[in-house]
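Biologist: Before we discuss any labels, could you show me the model and then take me through the reasoning behind each term?

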Amino acid sequence: MGSIVNKAAFLPPQPLVDSHDEQEDCIMLQDASGNQFPILHIRARKATKTLLYSHGNAEDITHMHHPLNQLSRTLGVNIIAYEYPGYSFAAFDSNGNYRPPTEAGVYAHAHAAYRWATQQQQIQPQDIIIYGRSLGSGAATELASSVASGGLILQSPIASAIRVVARQPFTLPMDIFANIDKIHRVRSPTLIVHGDQDEVVPFRHGNMLFDRLKATRKRNCWIQGAGHNDIEANYWDQFIGAMKAHIDDISNNTPSTAEIHPEQKSRWFGSSSSSA
């Protein structure tokens with residue numbers, strides 16, 4: 001049953017490039033098992049914070065190269081994005097055998113990317129903001145609940161994989177990425193972004209995770225009218241406004257509000273929405 005959940009949860013797309021050498025920001029790392037996987041290291045001028053980015057399901061780092069460059073320039077942050085087993089240039093092991101994506105494999109790559117950032121690049125943990133989008137919220141929550149970091153951002157996060165397709169009051173043994181069971185261990189400042197019309201990961205997932213958070217500095221950005229994949233396209237100002245407010249709060253180490261209420265959006269985020 002667990003393998004069925006894995007197959008349904010992971011949908012690796014076709015990479016957009018033929019060779020990782022074509023990505024000038026691409027670096028190959030090894031996980032604890034010796035398997036290679038690529039990361040993107042995007043640098044912004046005078047940046048002091050680094051986003052450690054875990055991507056969504058039906059995308060890989062070859063698809064995210066341009067959007068992450070834009071995000072880096074807009075927010076003035078460095079970005080490290082890593083690949084999952086079974087995706088793009090992490091699809092095969094050193095013997096040429098296919099490496100199917102698994103929850104454990106994703107976690108292994110996430111921790112390896114964090115170690116590279118803190119040990120090889122000597123980035124201080126307080127300067128790392130862990131960021132997970134959709135399925136990537138699983139790896140991001142795993143990291144944020146187990147290592148030191150400056151903060152956490154979850155965009156359209158899942159409470160758990162099975163809960164995406166079925167209302168489930170408790171976590172089943174074969175479920176994966178059960179963020180709902182570990183989010184309470186996160187203590188770093190946290191922002192959760194979710195569209196209230198999300199057709200892939202129901203809006204209730206973001207609400208459930210926010211309610212379980214024990215971090216004293218936490219924010220939400222509930223975007224009215226937004227779905228799962230149109231936040232950046234149609235609600236860019238509100239999305240970026242929330243991100244900047246969160247990063248500034250982390251940088252300034254100022255107390256965070258318990259929640260950003262709808263009436264505060266004009267002060268924090270600017271306009272509430274824009275159309276395509």
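Modeller: Let me begin with pairing, since two strands are said to pair if DSSP finds at least two bridges between them. This is a predicted model, and in it T50 stands opposite I128 in β5.

Biologist: What makes β3 and β5 a pair?

Modeller: The definition asks for at least two bridges, and five bridges join β3 to strand β5 (residues 128-133), the two running parallel; therefore the pair meets the criterion.

Biologist: How do you know that β4 pairs with β2, and in which direction do the two run?

Modeller: Four bridges join β2 to β4, where at least two are required, so the two strands count as paired, and they run antiparallel. One bridge can be named by its residues, for H41 has I80 as its bridge partner in β4.

Biologist: What joins β3 to β4?

Modeller: Strand β3 (residues 50-54) is joined to β4 by four bridges, and these strands run parallel; the bridge partner of L51 in β4 is I79. Together with α2, the strands β3 and β4 make a right-handed β-α-β unit.

Biologist: Why is the whole sheet called open and mixed, and which strands stand at its edges?

Modeller: Eight strands follow the order β1-β2-β4-β3-β5-β6-β7-β8, and their pairing is mixed. The strands β1 (26-30) and β8 (218-223) stand at the edges, each with a single partner strand, so one side of each is left without a neighbour in the sheet. On average, neighbouring strands of this sheet are turned by 20° against each other, direction ignored.

Biologist: Which helices lie against these strands?

Modeller: Helix α3 (residues 103-120) packs on the sheet, touching β1, β2, β3, β4 and β5, and its direction makes about 145° with that of β4. Helix α8 (residues 236-252) lies across β5, β6 (151-155), β7 (190-195) and β8, and runs at about 175° to β8.

Biologist: Why is H41 called buried?

Modeller: H41, which has its place in strand β2 (residues 36-42), has a relative accessible area of 4%, and buried means under 20%, so the label applies. Not counting residues up to four places away in sequence, H41 touches D25, I27, I79, I80, W116 and Q121.

Biologist: What makes the approach of H41 and R43 a polar contact?

Modeller: Their side chains are joined at 3.0 Å, and the cut-off for a pair of N or O atoms is within 3.5 Å, so the distance satisfies that part of the definition.

Biologist: How do you know that V77 is buried, and where is V77 found?

Modeller: V77 is found in the loop between α2 (61-75) and β4 (78-82). Its relative accessible area is 1%, set against a limit of under 20%, so V77 is buried. Leaving aside residues up to four places away in sequence, V77 touches A44, A47, K49, L51, S72 and I247, while V77 and T50, 27 residues apart in sequence, are 5.6 Å apart in space, C-alpha to C-alpha.

Biologist: What makes β4 a mostly covered strand?

Modeller: Five of its five residues are buried; N78, I80 and Y82 point one way from β4, whereas I79 and A81 point the other way.

Methods. Residues are numbered from 1 along each chain as its sequence is written. This is a predicted model: local features need pLDDT of at least 70, side-chain atom pairs count only at pLDDT 80 or more; totals for chains, interfaces and linings use all residues. Side-chain values use heavy atoms; hydrogens and water are left out. Buried means under 20% relative accessible area, exposed over 50%, partly exposed in between (1.4 Å probe, protein chains only). Contact means heavy atoms within 4.5 Å. A polar contact is a pair of N or O atoms within 3.5 Å; within protein, one must be able to donate a hydrogen and the other to accept it, and residues adjacent in sequence count only if both atoms are side-chain atoms. A crossover is right-handed if, with the strands pointing away from the viewer, the path from the first strand over the helix to the second runs clockwise. Axes are lines fitted to C-alpha atoms, for helices over the stretch in contact, and angles run from 0 to 180 degrees between N-to-C directions.
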